Amino acid sequence: MEDRKAAGPSRAARRGRWWRLRQRWRMVGVFEINPEHEFYQLTSMMKEGMRSSVQTTGDTSGQDTPAAEQFAAEETQTHEGFQMQTFAASVFAQQRRCLDITEEEYTTSLCSDRCYLQFVSNSKSKADFFVTNDKRFFLKTQSKREVSFLLSNLQAYMAHLEKYPHSLMVKFLGVHRIVIPNQIKKYFIVMQSVFYPDDRINIRYDIKGCEVGRRSNPDTGGKQIIKVLKDNNFEGQTIAFGQEKSWFAHQVKVDAAFLQELNVLDYSLLLAQQPLHRDELDGKHSLANLVIRTTKSLDLEDGPTGSDPPTVSLLKETLGEEGSVQPQAAAGEGIPLQEKETRSDSELQEFHEHHRRLLPNCKNSNHVIDGPEQRYFVGIIDIFTVYGWKKRLENMWKSLRYPGRAFSTVSPAKYSGRFCQWIQDHSQ
C-alpha cells in the first residue's frame with residue numbers, strides 16, 4: 001500500500017510533465033495574443049464583428065446556390081468603437097457548408113474567449129497572420145487590391161471548386177473589413193488552415209517550382225519559430241503519394257490551369273508531412289473506415305445537412321485498391337463481394353468527371369493525402385499576384401540579372417508549366 005501511494009504522485013507528475021511538454025510543442029512558432037499584446041484590441045473586435053456577421057448570415061442562408069447579386073453583396077454592422085464590413089456573406093456560408101463546417105463550429109473556433117495566436121515564421125510577407133486558438137482557421141490581413149481581385153473573381157473561384165470539390169486550392173471562408181475611427185482600416189480574410197491538425201507535423205515546405213532565392217536556413221537559432229523550407233531545401237527528396245500520385249499531379253495541373261486563366265503567378269504549394277502510426281495504417285483499410293471515407297468523398301459538396309448519397313457502387317471500386325478508383329479491382333481480404341449489384345452509373349460518372357478521390361477520415365480532409373507511410377498536408381496558396389506591367393518589368397530585370405536561371409516572376413503560362421513539372425518530377 002505504501003509503495004502504491006509513493007508511486008501515485010510519480011505517475012501524476014509524469015502526466016503533468018507530459019502535458020506541459022505538449023503545450024510547449026503546441027505553441028512553437030506562435031505567440032498568444034493576450035491582453036498585453038499590441039493586437040489584442042484588434043483581434044477582440046474582429047471576433048465580435050464576425051460573431052454578429054455569422055449570426056446574421058445564418059438567419060438568411062437557406063438556398064444551396066448563391067444568386068449572382070450575392071457575390072457583390074456588402075453588409076456593414078456598427079459596433080461600439082468600430083464597424084465591420086462583410087463581403088459576399090452568403091457565398092462564403094455556402095462554401096463552409098460544402099466543406100462540412102457547421103456555423104456553430106466556425107463561430108466556436110473564430111469567436112471563442114480563447115486568445116488568437118500570432119503566427120511567426122520566416123515568411124517575407126508584410127501581412128499580419130493570426131491563427132485561431134485551436135489552429136483550425138487562419139486569418140490574414142490583405143491589401144484593398146488583393147481583396148478586390150478575390151471578390152471580382154469569386155464566381156469563377158466558386159465554380160472551379162464546384163467542378164472540382166477536392167481541389168487543392170486554398171479555401172476562403174470569409175472576407176471582412178474592420179474600421180476603427182481615426183485608427184485603422186484593415187481588410188482581412190479567413191481561410192481553412194492547410195496544416196491542421198499540426199500536432200505531429202515534423203517539416204514544412206513552401207514550393208514554387210523555381211530556384212532563385214528558394215533556400216531557407218533551417219537553423220532556428222534557438223528561437224521558438226516555425227521554419228518553412230523552400231524548393232532548394234527539398235533537393236534529393238520525393239513525395240511518396242503511392243496510389244494517389246496520378247490524382248495529385250492531375251489536380252495540381254487543373255488548379256494551375258485555372259490560375260493561369262486568371263493571369264496569376266507566384267503562388268505556392270504548401271507541403272508538410274508526418275509519419276503515420278501503425279494503427280492509422282491498419283485502420284484505413286478497414287471496411288468501416290472505407291464506408292465513412294466513401295460517404296465523405298461523395299457527400300462533401302452537399303454539406304452536413306445534405307442527404308446521404310448511395311455509396312455501394314463507389315465502395316466496390318475502392319475496396320480493392322484503397323485510395324484509387326479501379327473498376328476492375330478485387331475485394332479486399334476478408335470482404336467477399338459475391339453479388340454484382342446494379343451500379344449507379346450517373347453517380348460514378350459524376351465522381352470521375354469531378355476528379356474526386358477517396359478522402360481521409362479527418363476534419364481537414366481536402367488538404368490531407370495519406371501515402372504508404374506518411375501523411376501529407378498540401379494546399380495551393382497566395383493566389384493574388386497578377387502578371388501586370390510591374391511584374392513584366394520585374395521579369396525583364398530578372399532575365400538580365402539571372403540569365404538561364406529559374407526565378408518566380410515569369411508569365412503565368414510558364415509559371416504554371418514549371419510548377420506542374422516540379423510536382424511531376426518530385427512525386428512517386
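Which side chains meet in a salt bridge at 2.8 Å, N to O? In this predicted model, where residues are numbered from 1 along each chain as its sequence is written, local features need pLDDT of at least 70, side-chain atom pairs count only at pLDDT 80 or more, and totals for chains, interfaces and linings use all residues. Side-chain values use heavy atoms, with hydrogens and water left out.

The side chains in question are those of R214 and D231; a salt bridge is defined as a side-chain nitrogen of Lys or Arg within 4 Å of a carboxyl oxygen of Asp or Glu. This pair links distant parts of the chain, with R214 in the loop between β9 and β10 and D231 in the loop between β10 and α7, 17 residues apart. Helices (H or I, at least four residues) and strands (E, at least two) are DSSP runs, numbered from the N terminus. R214 and D231 are both buried, where buried means under 20% relative accessible area, exposed over 50% and partly exposed in between (1.4 Å probe, protein chains only). The loops that hold R214 and D231 are also joined by R215 and E235, whose closest N and O atoms are 3.8 Å apart. R215 and E235 are 20 residues apart, and E235 counts as exposed because its relative accessibility is 62%. A further salt bridge connects R204 with D198, at 3.5 Å between the closest N and O atoms, and both of these residues are buried. The structure holds 15 salt bridges, and E105, R136 and K363 are linked in a network of such bridges.

An open sheet is formed by 5 strands in the order β10-β9-β11-β13-β12, with mixed pairing; two strands pair if DSSP finds at least two bridges between them. The edges are occupied by β10 (229-230) and β12 (368-370), each of which has a single partner strand, so one side of each is left without a neighbour in the sheet. Strands β9 (residues 203-207) and β11 (residues 268-275) run antiparallel and are joined by 5 bridges, with Y205 standing opposite L271 in β11. Helix α13 (residues 412-426) packs on the sheet and touches β9, β11 and β13, its direction making about 15° with that of β11. Helix α7 lies across β11, β12 and β13 (374-381), running at about 10° to β13. Axes are lines fitted to C-alpha atoms, for helices over the stretch in contact (heavy atoms within 4.5 Å), and angles run from 0 to 180 degrees between N-to-C directions.

The largest nonpolar core (buried Ala, Val, Leu, Ile, Met, Phe, Trp, Tyr and Cys residues joined through side-chain atoms within 4.5 Å) has 68 residues, and those with the most contacts inside it are F172, F248, Y267, V378 and I380. Helix α7 (residues 245-261) gives the most to this core, with 6 residues. A second, separate core of 23 residues includes L42, M45, F130 and F188.

Leaving aside residues up to four places away in sequence, F248 touches L168, F241, L269, I369, V378, I423 and S427. F248 is buried, with a relative accessible area of 0%, and F241 is likewise buried, at 1%. The structure holds 16 aromatic pairs, in which the ring centres of Phe, Tyr and Trp (its six-membered ring) lie within 6.5 Å; planes under 30 degrees apart count as stacked, over 60 as edge-to-face and the rest as tilted. The rings of F241 and F248 have centres 4.4 Å apart and planes at 50°, so this pair is tilted. One aromatic cluster is formed by F149, Y157, F172 and F384.
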